[in-house]
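Reader: I am in my first year and still learning to read models like this one. Could we look closely at one pair of strands and then follow the chain outward from there?

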Amino acid sequence: MQVFLTGFMGAGKSTAGERAAAMLGWPFLDTDRLVAARVNMSIDEIFAVRGEQGFRRYESSALREAARLSQVLVATGGGAVLCSANRSLMQRKGIVIWLRADPDTLWLRSSGKTGRPLAARLGRDGFVQLLVERVPFYAQSHYVIDTSVLSVEETARQIAEIVRKAWPHASAPAVGGRKEPAGSERVIPVPAKPPYEVIAGPGLFRALPQWWGRWEKRPALEYSQTHRLAVVTTPLVWSLWGKELETGLAQAGYPSSPVVFLPEGEKAKTPGQLQRLWEAFTSFHLDRQSIVLAVGGGALTDVAGFAAATYMRGIAAVFLPTTLLGQVDAAVGGKTAIDYAGVKNLVGVFHQPAHVVADVHVLTSLPQTLYRSGLGEVAKYAIIAGDGFRQWLWVHRREVLARAEDTLVEVVARCLEIKASFVAADEHDTGLRQALNLGHTFGHAFEAAAGFRGPQHGLAVAAGIATAARLAQMLGLLDQDGVDGIIDLLRAFRLPTTVRPVDEDTILALMSHDKKSRGRLRLVLPTRAGVIERDDIEEGLIRRALKASCKGVQAKG
Ligand SMILES: NC(=O)c1ccc[n+]([C@@H]2O[C@H](COP(=O)([O-])OP(=O)(O)OC[C@H]3O[C@@H](n4cnc5c(N)ncnc54)[C@H](O)[C@@H]3O)[C@@H](O)[C@H]2O)c1
């Protein structure tokens, strides 16, 4: 569900677009804002340094990124339509709305404004000439709204109306609609040393002053408004959700907090990016009372947490995970790391966050594959927990797939209650936490065999869980119904239960190199009541389970 606003400068794409997104409860992305954050320059500077061609390349890449999101209202730059690939991408992926206005109105709205390098350079005649040249491209949009005599509010209402007609259920409160953040939060205590809590709920980014106030009352943590705070995030996450947070941060007493951008995904988990963070913290004069606020997926919280753990021998990290995997898993438990020498998470420390805030509303923009990847970890928790949570998930599977916010709060809370109980028993992962590794030994090997260019982590874990279930059946730990139940749950979440044919020797070698194997190959296997850890399984059986998973042999025929 993507909506692209096109039109000349001054048509109201950013202002009315943002307002329409707020009316709909949709995420909003301004491609100019994303490009500026990514290149770390203003649009004027990019034009001056990289030229218009350079800017257009960044703009096309930002559009491609927007097109991958699951639900978003996008304000495009005035010249985005000039590129035929951009036009066809927008038309193919969603609804394109042209915000038009007469030349005088556009000129009045644009001239003399910063961030409009073209208007300043062209002068009025050149401005109108350019508009005339672009009109045929804007005219290829699906809808037109003439904003000449409309207020921002009226334009936004018309945009929202078009979107509601196109997707009548998309803005219903239960499925992605923005709700007031009152009453539906869940607080999950994590009994680590020191203990902390996770707040899960819809719309928590905007309600930041509320939960910040709650922490300030806890003497052990004693945050005060004189303490410095630095935000660590990625350009995409900040472009989508930064505005909501900025308002909340200002109200909580942290106006104009410095923001450090890291690359998206695994590219953030490098020694170079870790060093950039230390340098940024130093230049912001962070001290031992300062706070690192990490806003992003698991990769971002892993490296930001590591930087916080090591800067001045450890300062407070507050995590605001923005992916499902981050919310149900990565942000809680204290594991921080970067990748090194080609090995994932090779260098890191345990450093528990001071707080975690899981705003399920931000999951609305998450691309579908990343969402499903998070569901792989959710399925893992359900299987570890045994019947209760698993049955609940099965009953609510449609709401889970539709990302209904109430259901997601419950999903996050239940997964974290399970994780918290393991963290309490084994904070430093010396053995008991091993159960959380269900599906991971196979899954990591599948990921590594594909050179980490294959399926997302959680999808590989799902195939790993299915393989573990088949192996458990061969060992008599599960009967056919037990395997079927697991496979059905994975399939209900559109998760893979088989993998492409793999070389068994390679997978076995990768599994035995798993750093958690501690000398012997240890596998976590599902049983009727939960999971069991075994280190005495014959290689021949593991090969048979791999064969069954590779052949695409499914539990039910
Ligand atoms: N520390 C732990 O205990 C732990 C546990 C599990 C996984 N991990 C780590 O987590 C990482 C994987 O994390 P991940 O799956 O969250 O992905 P990710 O952090 O790699 O993020 C993937 C992409 O999603 C984007 N994104 C984030 N939030 C978004 C949103 N709301 N809308 C749209 N896009 C959004 C990011 O910017 C990025 O481009 C791996 O590095 C893994 O090692 C850590």
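Reader: In which sense do strand β1 (residues 2-6) and strand β3 (residues 72-75) pair, and over how many bridges?

Author: Please keep in mind that this is a predicted model, in which local features need pLDDT of at least 70 and side-chain atom pairs count only at pLDDT 80 or more, while totals for chains, interfaces and linings use all residues. Residues are numbered from 1 along each chain as its sequence is written, and side-chain values use heavy atoms, with hydrogens and water left out.

β1 and β3 pair in the parallel sense, over four bridges, where strands are DSSP runs of E with at least two residues and helices are runs of H or I with at least four, numbered from the N terminus, and where two strands pair if DSSP finds at least two bridges between them. Within this pair, leucine 5 has alanine 75 in β3 as its bridge partner. In general, strands of a sheet pair through backbone hydrogen bonds, in either a parallel or an antiparallel way.

The two strands belong to an open sheet of five, ordered β2-β3-β1-β4-β5, with parallel pairing. At its edges stand β2 (28-30) and β5 (143-146), each of which has a single partner strand, so one side of each is left without a neighbour in the sheet. From one strand to the next, the twist averages 20°, with axes fitted as lines to C-alpha atoms, for helices over the stretch in contact, and angles taken from 0 to 180 degrees between N-to-C directions. Helix α3 (residues 43-68) lies across β1, β2 and β3 and runs at about 150° to β1. In the loop between α2 (31-39) and α3 sits asparagine 40, which has a positive phi of about 60° although it is not a glycine.

A second open sheet has seven strands in the order β6-β7-β14-β11-β10-β8-β9, and its pairing is mixed. Here the edge strands, each pairing on one side only, are β6 (186-190) and β9 (259-261). β6 pairs with strand β7 (residues 196-201) in the antiparallel sense over five bridges, and isoleucine 188 stands opposite valine 198 in β7. Helix α11 packs on this sheet, touching β8 (229-233), β10 (291-296) and β11 (316-321), and its direction makes about 165° with that of β10; contact here means heavy atoms within 4.5 Å. In the loop between β6 and β7 we find proline 194, and the peptide bond leading to proline 194 from lysine 193 is cis, with omega near -5°.

The model also holds a ligand, with 28 residues around it, among which Glu264, Glu266, Thr322, Thr323 and Ser365 come nearest; a residue is counted as near if one of its heavy atoms lies within 4 Å. A nitrogen atom of the ligand is 2.7 Å from an N or O atom in the side chain of serine 365, and an oxygen atom of the ligand is 2.9 Å from such an atom in the side chain of lysine 269; a polar contact is a pair of N or O atoms within 3.5 Å. The largest share of the shell around the ligand, four residues, comes from α9.

Definitions and conventions: Polar contact = N/O pair within 3.5 Å; in protein donor to acceptor, adjacent residues only side chain to side chain.
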